[in-house]
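Here is a set of short exercises to work through with the model open beside you. Try each task before reading its solution.

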Amino acid sequence: FLMYGDCSSGNWQITQLTNTSEYVDGQVSIALDSSDNPHLFYGNWSSPTVLRHRWFDGSSWQLENITTNALTVHAVIDSQDGIHIVFYSASSVLSYGYHNGIDWAFTPIDVDSGIYTSSGFDLVLDSNENPHLVYRGSNRELRYAGFDGTEWQVEVLHTNALGYASIAIDAFDGKHVCYSTYTASDYRPLT
C-alpha cells in the first residue's frame, strides 16, 4: 500500500492512497510544490510496471501514469513547480524526466544493466535548476551525473562504493557528495 503521512497541524494524519489491486514496491519519493501540496512518485508493480505520480491539488488526490517499465524513482520540484524525476527502467536505462506543468519530456542518462536500484538515487537542483544526481552503477562504481544546461555529464567518483549516497549543492553551485564505501582508495575528485 502507498501511505501518506502529514504532521503539518501538529498531529500525524495518515492516509492510505492505494488498495490491494495496486502493488507498490521499490523506492517512493515525495516532493512539495510551492503551495506545499505533496507529490508522491512510486512504481506500481503490475504488468508492466508503471511509474505513477499522485498529488494533492488542494482539495483531492490526483493520479497520473508517467511511463511504463520504470522501477526506482527520485523526485524534486523546482521554484516554478517544474517536476524533475530520475528513474531506472526495466530496460536498464537511467533516465531523467521533466514535467513543465503540461507535458513530460524524458532523456536517457546512463545505460547500464548493473545500476544498483536498492539504494536508490539522490537528485538535487543547482541555482539554475539544472539536475545533478549520484547513484551506483556496475562494478560498485559510484557515479555522478549532472546537466550543465546543454548536456549530461557522467563521471565515476569511486570504484568500490556500497551504493548509499547523497548529494548537495551549495550557494555557489559547488557539489558535495557523501557515500559509503568498502575502501578509501580509487576515488576521483569531482570537479
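**Exercise 1. A tryptophan in a loop**

Is Trp 12 buried or exposed? Keep in mind as you look that this is a predicted model.

*Solution.* Start with the location: Trp 12 sits in the loop that links strand S1 (3-6) to strand S2 (13-16). Next, take its relative accessible area, which is 60%. The cut-off for exposed is over 50%, so Trp 12 counts as exposed. Finally, look at its company: together with Phe 1, Met 3 and Ile 14, Trp 12 makes a nonpolar surface patch of about 510 Å².

**Exercise 2. The chain as a whole**

Work out how many helices and strands the chain has, and what share of its residues is buried.

*Solution.* Begin with secondary structure: there are zero helices and 16 strands. Then turn to burial: of the 191 residues, 43% are buried. For the surface, the chain exposes about 9,900 Å², and 48% of that comes from carbon and sulfur atoms. As a last step, consider contacts between residues at least 6 apart in sequence: 33% of them join residues at least 24 apart.

**Exercise 3. Two hairpins**

Which residue takes a positive phi in the hairpin of S5 and S6, and which one does so in the hairpin of S9 and S10?

*Solution.* Take S5 and S6 to begin with. Strand S5 (residues 50-56) and strand S6 (residues 61-68) run antiparallel and are joined by seven bridges. Across this pair, Arg 52 stands opposite Asn 65. Four residues lie between the two strands, and in this hairpin Gly 58 has a positive phi near 105°.

Now do the same for S9 and S10. Strand S9 (residues 93-99) is antiparallel to strand S10 (residues 104-111), with seven bridges between them. Here Tyr 96 has Thr 107 of S10 as its bridge partner. This hairpin also has four residues between its strands, and Gly 101 takes a positive phi near 105°.

One more step brings in another loop. Asp 36 lies between strand S3 (24-32) and S4, and is exposed at 58% relative accessible area. The C-alpha atoms of Asp 36 and Gly 58 are 9.1 Å apart, with their positions 22 residues apart in sequence.

**Exercise 4. Positive phi outside glycine**

Find where Asp 81 and Glu 129 lie, and how accessible they are.

*Solution.* A reminder sets the scene: most residues other than glycine have a negative phi. Asp 81 has a positive phi near 65°. Asp 81 belongs to the loop between strand S7 (70-77) and S8, and its 30% relative accessibility makes it partly exposed. Glu 129 likewise has a positive phi, near 65°. Its loop is the one between S11 and S12, and Glu 129 is partly exposed at 24%.

**Exercise 5. The nonpolar cores**

Which residues touch the most other members of the largest nonpolar core?

*Solution.* This core has 13 residues, and the ones to pick out are Val 86, Leu 94, Ile 109 and Leu 133. Then ask where the core comes from: strand S8 (83-89), S9, strand S11 (122-125) and strand S12 (131-136) each supply at least two of its residues. Zoom in on Ile 109: beyond four places in sequence, its contacts include Val 86, Leu 94, Leu 133 and Trp 152. There is also a second, separate core of 12 residues, with Ala 31, Val 73, Ile 77 and Trp 104 among them.

**Exercise 6. Two residues in strands**

Are Phe 41 and His 132 buried or exposed?

*Solution.* Phe 41 is part of strand S4 (residues 38-44). Its relative accessible area is 0%, so Phe 41 is buried. Leaving out neighbours within four places, the residues in contact with Phe 41 include Val 28, Arg 52, Val 73 and Trp 104. Phe 41 and Val 28 are 13 residues apart along the chain, and their C-alpha atoms are 5.7 Å apart.

His 132 is in strand S12. The limit for buried is under 20%, so His 132, at 5%, counts as buried. Among its contacts beyond four places in sequence are Asp 122, Asp 126, Tyr 144, Phe 147 and Lys 175. From the C-alpha atom of His 132 to that of Trp 152, 20 residues away along the chain, the separation is 9.1 Å.

Key
Residues are numbered from 1 along each chain as its sequence is written. This is a predicted model: local features need pLDDT of at least 70, side-chain atom pairs count only at pLDDT 80 or more; totals for chains, interfaces and linings use all residues. Side-chain values use heavy atoms; hydrogens and water are left out. Patches are made of residues with over 30% relative accessible area and no salt bridge: like charges are joined within 9 Å, nonpolar side chains (Val, Leu, Ile, Met, Phe, Trp, Tyr) within 5 Å. Accessible areas come from the Shrake-Rupley method with a 1.4 Å probe; for residues, only the protein chains shown count as cover. A salt bridge is a side-chain nitrogen of Lys or Arg within 4 Å of a carboxyl oxygen of Asp or Glu. Buried means under 20% relative accessible area, exposed over 50%, partly exposed in between (1.4 Å probe, protein chains only). Two strands pair if DSSP finds at least two bridges between them. A nonpolar core is a set of buried Ala, Val, Leu, Ile, Met, Phe, Trp, Tyr and Cys residues joined through side-chain atoms within 4.5 Å. Contact means heavy atoms within 4.5 Å.
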